[in-house]
Amino acid sequence: MKLRFSYHAQSQIIARFIHESQVVDTIRRPDFTESAAGGAMLFRKKFEDDTLVVICKRRSKNEYLILTAYFL
């Protein structure tokens, strides 16, 4: 799976202390998925006491553009 990060996503992942491996795990093995605005997808996964939300657009079968990520 190939992941590309928007500038916004890169800055937010750093600011929010989110590991890239958590983003990958959330997309590969989500606890919950749903459609989001503009054709994007929302993925959620529980990590210990927090739930990570990743919003991305699928570019091709194996490529995703990460738009943002944050903990609930």
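Colleague: How far apart are the mean positions of the 12 positive and 8 negative charges of the protein?

Modeller: Happy to say, but first: this is a predicted model, where local features need pLDDT of at least 70, side-chain atom pairs count only at pLDDT 80 or more, and totals for chains, interfaces and linings use all residues. Residues are numbered from 1 along each chain as its sequence is written, and side-chain values use heavy atoms, leaving out hydrogens and water. Lys and Arg count as positive and Asp and Glu as negative, without His and the chain ends, and each charge is placed at NZ of Lys, CZ of Arg, CG of Asp or CD of Glu. On that basis, the two mean positions are separated by 10 Å.

Colleague: Thanks! Which pattern does the protein follow along the sequence?

Modeller: Helices (H or I, at least four residues) and strands (E, at least two) are DSSP runs, numbered from the N terminus. There are 2 helices and 5 strands. Their order is β-α-α-β-β-β-β.

Colleague: How are the rings of Phe 43 and Tyr 64 arranged: stacked or edge-to-face?

Modeller: Rings of Phe, Tyr and Trp (its six-membered ring) pair if their centres lie within 6.5 Å; planes under 30 degrees apart are stacked, over 60 edge-to-face, the rest tilted. The structure has 1 aromatic pair. With centres 6.3 Å apart and planes at 85°, Phe 43 and Tyr 64 are therefore edge-to-face.

Colleague: How many residues apart in sequence are the parts that this pair ties together?

Modeller: Phe 43 belongs to strand 3 (residues 41-47) and Tyr 64 to strand 5 (residues 63-71). So the pair ties together parts whose separation in sequence is 21 residues.
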